[in-house]
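Me: I'm new to reading protein structures. Could you walk me through one, feature by feature?

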Amino acid sequence: MENAFFAMMISPIPYDWAALLVRLVIGLSLFPYALQKIMNTQNAVHFPTVPGFSPQAGFWLAMFVETMASICTILGFFTRVVAVAGIINMGVAVKTVHGRYYNATAMPYLLGFIAILCIGAGKYSLDFWLK
């Protein structure tokens with residue numbers, strides 16, 4: 001019985017399910033923020049300024065990255081590339097929008113994208129099927 005328990009702990013099946021769960025949680029919870037930006041494009045004028053970008057350009061870039069990152073993360077398509085874009089987007093959001101505090105709204109997404117970058121897409125993804 002003890003060997004079966006430890007065999008379950010190192011089996012690749014729980015790893016793939018965990019990768020799927022992390023991808024779904026991050027992708028599905030980020031999508032409403034992207035949808036909110038899509039529905040309220042008139043708020044682009046009031047978007048916080050990012051050095052090197054106008055408020056409108058920062059808004060459209062954040063909207064594009066959040067939309068594509070959430071959809072591609074859910075599907076597991078270009079997962080690590082999208083995770084890098086999500087890390088950059090959420091890093092900028094933590095720094096510019098929420099200040100220097102680590103209890104920012106974007107912090108769980110930043111940590112989730114770092115986890116996705118580390119673990120990859122897993123077996124239950126389009127990346128695996130297209131490989």
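Me: Which residues of H5 are buried?

Reply: Buried here means under 20% relative accessible area. This is a predicted model, and in it the buried residues of H5 are Met 107, Tyr 109, Leu 110, Gly 112, Phe 113 and Ile 116. For the chain as a whole, buried residues make up 34% of the 131 residues.

Me: What span does H5 have from its first C-alpha to its last?

Reply: You can set a helix's span against the one expected at 1.5 Å a residue. H5 runs over residues 107-119, 13 residues in total, and reaches 18 Å, close to the expected 18 Å. Just after H5 comes Gly 120, with a positive phi of about 80 degrees.

Me: How many helices and strands does the chain have?

Reply: Six helices and zero strands, so to speak an α-α-α-α-α-α pattern when you read along the sequence.

Me: What about contacts between residues at least 6 apart in sequence: what share joins residues at least 24 apart?

Reply: A contact means heavy atoms within 4.5 Å. Of the contacts you ask about, 67% join residues at least 24 apart.

Me: Okay, pockets next. How much space lies in the largest pocket, and which residues are closest to its centre?

Reply: It holds about 620 Å³. Its lining has 29 residues, and Lys 37, Phe 47, Ala 62, Glu 66 and Ala 93 are the closest to the centre. Helices H2, H3 and H4 each give two or more residues to that lining, and H4 gives the most, with eight.

Me: What classes of residue make up the lining of the largest pocket?

Reply: There are 18 nonpolar, nine polar and two charged residues.

Conventions
Residues are numbered from 1 along each chain as its sequence is written. This is a predicted model: local features need pLDDT of at least 70, side-chain atom pairs count only at pLDDT 80 or more; totals for chains, interfaces and linings use all residues. Side-chain values use heavy atoms; hydrogens and water are left out. Helices (H or I, at least four residues) and strands (E, at least two) are DSSP runs, numbered from the N terminus. The expected span of a helix is 1.5 Å times one less than its number of residues. Buried means under 20% relative accessible area, exposed over 50%, partly exposed in between (1.4 Å probe, protein chains only). On a 1 Å grid over the protein atoms alone, a cavity is a set of points where a 1.4 Å probe fits but cannot get out, and a pocket is an open set with protein on both sides within 12 Å along at least five of seven lines; lining residues have an atom within 4 Å of a point. Grid points are joined across faces, edges and corners, and a volume is the space filled by probe spheres set on the points. Ala, Val, Leu, Ile, Met, Phe, Trp, Tyr, Cys and Pro count as nonpolar, Asp, Glu, Lys and Arg as charged, and the others, Gly among them, as polar.
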